Amino acid sequence: MTSTPTPVRKRSALTKGQLPKYAPYVVLGVALVLGAAILALIGFNAFGWGVVSAILFAAGLVGWSAAVEGSRKAKDKLATCLVVGAFLVALLPLISVIWTVMVNGIPGLLNPGFLGTSMNGVTGVFDNRAAEGTGPVVGGIYHALIGTLQITLLATVISVPVGLLTAIYLVEYGNDRPLARAITFFVDVMTGIPSIVAGLFAAAFFFAVVGPGTKTGAVAAVALSVLMIPVVVRSSEEMLKIVPNELREAAYALGVRKWRTILKVVIPTAISGIASGVTLAIARVIGETAPILVTAGFATSINNNVFGGWMASLPTFIYTQILNPTSPSNPDPSSQRAWGAALVLIILVMLLNLGARLIARVFAPKAGR
Amino acid sequence: MSKRIDVKDLNVYYGNFLAVEDVSINIEAKSVTAFIGPSGCGKSTFLRTLNRMHEVLPGARVEGEVLLDGDNLYGPGVDPVTVRSQIGMVFQRPNPFPTMSIRDNVLAGVKLNNQKISKGEADALVERSLRGANLWNEVKDRLEKPGSGLSGGQQQRLCIARAIAVEPQVILMDEPCSALDPISTLAVEDLINELKDQYTVVIVTHNMQQAARVSDKTAFFNIAGTGKPGKLIEFAETSTIFNNPSQNATEDYVSGRFG
């Protein structure tokens, strides 16, 4: 066997031309400068600069790539540009919302007593003084925070058992029977109910059962659970469905009854998904405004009884502060409080989402060795 | 602690489809019986009727009798849960409970039924079952770790330990080695040989060498064509089935002429 010497070549036959590593940065820099120049001709603004630069960047990079690397790589670059562009477009509103709420909300949130006091006794006189600079902005969201937490908690207490048991029926006992199909259909319909309709339903229901004019936190909780139950059913159903049938059979083969199998094998296996689904359902309803307006009214003082009397909540607090400022002539203190409440609401939703992730991680089946 | 099974004229249906037709078979206590046959011939279906596991599938039903030491499993008022606690089952793919530790997997039959058991008894049961499944030495230092962290062969032996922890009369195995490598298969086969001292073992297998190695008696199932019911063709001593079968179809199958 003779060994043939490897011919010395400058470039591998398996590669084509390649753009240098710094190519995207160069194109980006050129695109930014060119974009600024073009915008300067027609009047500069930041948004237009971003759009024009992005188009120039994509065209430049794809064109350069097509010239050096060939059409396949150029198409790849084009797809990458489109994907990243779509991602940035989707991200913009989110960042913009968070930025706006932070900028406007932080002064309200840092105001002493904002989280610890209610609006009880806060009148236009105080706000006029605050606007003139002769007094502090007084009043806070304590009553609304308490209301939101209580109403949402009660709605969760109502929705989770109903929703989870429905999902268990659908997955474990339904067998595609007419009843199961009907439930699935109506759950789908419920998912699309406008929230104000849910609020009107709860209000009308309590007017008929308890008495006209019944407006309490509990009525609002019922309205929210009408919105929440379909979400809980759907997410729990999906989670129960992906529990492998083999686990149920393994339990049956050990002589375990069906309800025990569900309680001790199926639900523990799916609990992480169920718990995060429930948390996301809570996040979905915690910001509802319309159903709470028609069911719990709006209070300015602290009401710790969810079953009696009008109750404030963060969304209705924001709504009333913006629409009917405490001092009609000087709405600034009111809008400062509204933005502060909005920031608190967003923080609550973010905490719930983080909680969902944490729950999913804590309950997930472990695969350690 | 083992019982015999006598099956008389059993028909198995899925809805209106007759899957297995007219099977009569006598399975001795403390023996290993293997079911062989081509795919789709109804041997797994038939195995699942022996502990009423087929009922889990909607529309499945049987006609005929299955007698466990003379008691009909399908008699009126018989609770399938009682049947399954006497006739355990090991499945094709290892399926330890992912939320439970190795120890809890072994104790699953006890704990899921909420039976009271002291810690000492539980420890003894775990060790006895894992030793019975030839797994004790490999897992004794990590009993609190999840069962899903074991290798496939270890998981299957964990499932066998879980099945024998409830002290059944009969153990059914539905192709227990088809997802395992040869070494793990050997471990499970050795285990089957030991199990027959105490239990009646029925095993479904695609592997004819395995049937020849582990079983005392072998039943050959066949199917006339797609859409036709599976039938029991021949049931005899394993050596007879493989060396001197009375039916031509059996001879064709075991000699590799088809299937």
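This report describes a predicted model, beginning with chain B as a whole and then turning to one of its strands, to the contact with chain A, and to one residue of chain A.

## Chain B as a whole

Chain B contains 11 helices and 10 strands, and its C-alpha trace spans about 55 × 45 × 30 Å along the principal axes. A compact globule of 259 residues would have a radius of gyration near 18 Å, and because chain B has 18 Å, its value agrees with that expectation.

Of the 259 residues in chain B, 48% are buried. Among the contacts in chain B with a separation of 6 or more, 70% are accounted for by residues that stand 24 or more positions apart.

## Strand S8 of chain B and its partners

Strand S8 of chain B covers residues 200–204, and since 5 of its 5 residues are buried, this strand is largely enclosed by the rest of the structure. B:Thr200, B:Val202 and B:Val204 point one way from the strand, while B:Val201 and B:Ile203 point the other way, and all of them are buried.

Strand S8 of chain B pairs with strand S7 (residues 170–174) of chain B in the parallel sense over 5 bridges, and it is also joined by 4 bridges to strand S3 (residues 32–36) of chain B, with which it runs parallel. The residue B:Val204 appears in both pairings, for it is the bridge partner of B:Phe35 and also stands opposite B:Asp174. Together with helix H8 (residues 182–195) of chain B, strands S7 and S8 of that chain make a right-handed β-α-β unit.

## Where chain B touches chain A

The contact between the two chains takes 25 residues from chain B and 22 residues from chain A. On the side of chain B, helix H2 (80–86), strand S6 (87–90) and helix H4 (108–111) each supply at least two residues, and the largest share, 3 residues, comes from helix H2 of chain B. Sorted by class, the side of chain B that touches chain A has 12 nonpolar, 9 polar and 4 charged residues.

## A buried leucine in chain A

In chain A, the residue A:Leu227 has its place in helix H8 (residues 217–241). A:Leu227 counts as buried because it has 23 C-beta neighbours inside 10 Å, where 20 or more are required for that label.

If its neighbours within four places in sequence are left aside, A:Leu227 is in contact with A:Ser195, A:Ala198, A:Val285 and A:Glu288. A:Leu227 and A:Ile193 are 34 residues apart in sequence, yet their C-alpha atoms are 7.5 Å apart in space.

Methods
Residues numbered from 1 in each chain as written. Chains lettered and ligands numbered in written order. Predicted model: local features only at pLDDT ≥ 70, side-chain atom pairs only at ≥ 80, totals over all residues. Rg over C-alpha atoms; globule rule 2.2 N^0.38 Å. Buried ≥ 20, exposed ≤ 12 C-beta atoms within 10 Å, placed from the backbone. Contact = placed C-beta atoms within 7 Å. Nonpolar A, V, L, I, M, F, W, Y, C, P; charged D, E, K, R; others polar. Pairing = 2+ DSSP bridges. Right-handed = clockwise from strand over helix to strand, strands pointing away.
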